[in-house]
Amino acid sequence: MTISMFDLSAPLFDRNLSYLSHVLKKGAAHAAATGMDEAALIDARMAPDMFDFKRQVQTVTDHCKGALSRLTETTPPSWADDETSFDALQARIAKARDFGAGFTRAQLDGTEEVRVEYPGPAGPIPFSGSDYLVNFVHPNLYFHLTTAYVILRYHGVPLGKLDFFGRG
């Protein structure tokens, strides 16, 4: 069985955004149940030099919308990074899921050799479509998903492995 560029992008992103939404629900419920300041969780980080929780969520959505756009040779939409609550982050995830739902198999299959230039800090980084998706987007997606999960867990949100998969 061959897995297509569509299978490796739009539905996979949607599924992982759904999992991230579940983790955020658990974070919000924990803050409400314990009287914890929601802003403290939203701004939490594991180390001084890393992104905080909200930036992890923003980065996940940015990689999803960016990948779909770049693979289809369109400009990724620009979204303000101004979320300061779980509700606002949930809205951003919903917007990313809605954006991804607009892409079809016909648009994404066959993009393995599309030339993608990712805007890196030292200048554009060139990739083929498949290399960009599998060796850049996927590792970044899972890194930031995992880091968001770990930040909340570290700060007391009762999360288990099944929560990472939206099932806890």
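Helix α3 (53–71) gives the lining of the largest pocket its largest share, seven residues. The model is a predicted one, and this pocket is a good place to start looking around it. The space in the largest pocket comes to about 230 Å³. Sixteen residues line the pocket, and those closest to its centre are Arg55, Asp62, His63, Arg70 and Tyr118. Besides α3, the strand β1 (115–120) also supplies at least two residues of the lining. Sorted by class, the pocket lining holds six nonpolar, four polar and six charged residues.

Now for the enclosed space. How many cavities of 30 Å³ or more does the count give? The answer is one cavity, with a volume of about 50 Å³. Its lining is made up of Asn16, Tyr19, Leu20, Val23, Leu145, Tyr149 and Phe164. Two elements, α1 (10–34) and α6 (129–154), each give two or more residues to this lining. Of the contributing elements, α1 gives the most, with four residues. By class, the cavity lining has six nonpolar residues, one polar residue and no charged ones.

Here are the two linings side by side:

| Space | Volume | Nonpolar | Polar | Charged |
|---|---|---|---|---|
| Largest pocket | about 230 Å³ | six residues | four residues | six residues |
| Largest cavity | about 50 Å³ | six residues | one residue | no residues |

Helix α6, one of the elements lining the cavity, deserves a look of its own. What span should its 26 residues have at 1.5 Å a residue? The expected value is 38 Å, and the end C-alpha atoms of α6 lie 36 Å apart, which agrees. Along the way, α6 has a kink of about 35 degrees at Val137, shortly before the proline Pro139. Just after the helix, Gly156 adopts a positive phi of about 100 degrees.

A positive phi also turns up at a residue that is not a glycine: Glu73, with a value of about 55 degrees. Most residues other than glycine have a negative phi, so this backbone angle is worth a glance when you have the structure open. Where is Glu73 found? The residue sits in the loop between α3 (53–71) and α4 (86–101). Is Glu73 buried or exposed? Glu73 counts as exposed because its relative accessibility is 61%, and the cut-off for exposed is over 50%.

Note on methods. Residues numbered from 1 in each chain as written. Predicted model: local features only at pLDDT ≥ 70, side-chain atom pairs only at ≥ 80, totals over all residues. Heavy atoms only, no water. 1 Å grid on protein atoms, 1.4 Å probe; cavity = no way out; pocket = protein on both sides within 12 Å on 5 of 7 lines; lining within 4 Å. Points joined across faces, edges and corners; volume = space filled by probe spheres on them. Nonpolar A, V, L, I, M, F, W, Y, C, P; charged D, E, K, R; others polar. Buried < 20%, exposed > 50% of the residue type's maximum accessible area, 1.4 Å probe, protein only. Expected span 1.5 Å × (residues − 1). Bend = angle between axes of the 7 residues up to and from the residue.
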